[in-house]
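Colleague: Please take a close look at one part of this model, namely any enclosed empty space, and set it among its surroundings. Give the cut-offs as you go.

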Amino acid sequence: MVAILAGGALLTWQAYRYFKDARQKTTFVSNVSHELKTPLTSIRMYAELLSEGRVPSEDKQNRYLGVIVAESQRLARLVDNVLDFSRLEQGRKSYRSENLDLSDFLSEAIASQQPRINAAGIKVHYHVPESALFVRADRDALRQVLLNLIDNALKYAADGKELVFEFRKHRSAVEMTVGDRGSGIPAEHREKIIDKFHRIDDSLTAQQPGSGLGLSIARRLLRDMGGNLYWRPRKGGGSCFIVELPLATDD
């Protein structure tokens, strides 16, 4: 009787786990499809208006072109995340580590997102160390990590109007803290916020669409490079994401 009950409980738990995974994947596919369709619709609409010559004003033309560029970049970020997720899940992601100046690399990532940052009205503060901080990382993977963190802040913490980057050097690692003044993370979501597919609001009518992959991919990339990604509440309100990377080697 005990064996039967234990077996029944195990089968029930496995069925619930499979059902939960299937539901998460279905929601993920729906969200990704929705997020792909939205920028594609905007790009097509504005491109058609411009190609048909229905926008005589030069200011409007420039504004429409700006929308097309911004939506194309949004589309590229989503595709990059989905492709990275696929490679990571299949164990096909390859890395080419090199010594990189973290502060310079961060400046480049911020510069690439400056139009979006300005449009959101966010002030960026980062305190560059007196001496260069070299870390050991893959260039493309680190760029993806930084872009995902910036994108996450722009989506969910823009109301705080502040984004702060701080550096701390340890004996064998460098910590970079990304702090915002958003609404923070509800207590029931804090343990899962970096898990794949997890979103605080995963409905198609969510104010900020997303795939629930950005933070999960960032953590996986960092762990593969010998680092990690953590979350903690920021003193005074908001969130802090801590990026940990190994210090550069002497070669």
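Modeller: The answer starts with the model as a whole, goes on to the enclosed space, and then follows the chain around it.

This is a predicted model, in which local features need pLDDT of at least 70 and side-chain atom pairs count only at pLDDT 80 or more, while totals for chains, interfaces and linings use all residues. Residues are numbered from 1 along each chain as its sequence is written, and side-chain values use heavy atoms, with hydrogens and water left out. The pLDDT (the predictor's confidence in each residue, from 0 to 100) averages 82 over the chain, and 84% of the residues score at least 70. Among the elements, α1 has the lowest mean, 72, and strand β7 (residues 239–246) the highest, 94.

There are six helices and seven strands in the chain; these are DSSP runs numbered from the N terminus, helices being H or I of at least four residues and strands E of at least two. Their order from the N terminus is α-α-β-α-α-β-β-α-β-β-α-β-β. Of the 251 residues, 40% are buried, where buried means under 20% relative accessible area, exposed over 50% and partly exposed in between, with a 1.4 Å probe and protein chains only. Among contacts (heavy atoms within 4.5 Å) with a separation of 6 or more, 70% join residues 24 or more positions apart.

Now to the enclosed space. Rolling a probe the size of a water molecule over the atoms shows where empty space is left. A cavity is a set of points, on a 1 Å grid over the protein atoms alone, where a 1.4 Å probe fits but cannot get out; lining residues have an atom within 4 Å of a point. Grid points are joined across faces, edges and corners, and the volume is the space filled by probe spheres set on the points. Searching the whole structure gives one cavity of 30 Å³ or more, and the volume of the largest cavity is about 30 Å³. Its lining consists of L149, N152, A153, L163, V178, G179, D180 and F241. Helix α5 (139–156) and strand β5 (173–180) each contribute at least two of the lining residues. By type, the lining has five nonpolar residues, two polar and one charged; Ala, Val, Leu, Ile, Met, Phe, Trp, Tyr, Cys and Pro count as nonpolar, Asp, Glu, Lys and Arg as charged, and the others, Gly among them, as polar.

Helix α5 also holds Q144, which is buried at a relative accessible area of 8%. Leaving out residues up to four places away in sequence, Q144 touches R77, D80, N81, D84 and L221. L221 is one of the buried residues of α6, together with G214, L215, S216, I217, A218, R219 and L222. Helix α6 (residues 214–224) is thus mostly covered, with eight of its 11 residues buried. The cover over these buried residues includes α2, α5, β6 (228–233) and β7.

After α6 comes G226, with a positive phi near 90°. G226 sits in the loop between α6 and β6 and is exposed, with a relative accessible area of 52%. Its C-alpha is 8.5 Å from that of E244, 18 residues apart in sequence.

The loop between α5 and β4 (162–169) contains K161. K161 has a positive phi of about 60° although it is not a glycine, and K161 is partly exposed at 43% relative accessible area. D159 is placed in the loop between α5 and β4 too, and D159 is exposed at 76%. D159 and S183, 24 residues apart in sequence, are 8.0 Å apart from C-alpha to C-alpha.

Definitions and conventions. 1 Å grid on protein atoms, 1.4 Å probe; cavity = no way out; pocket = protein on both sides within 12 Å on 5 of 7 lines; lining within 4 Å.
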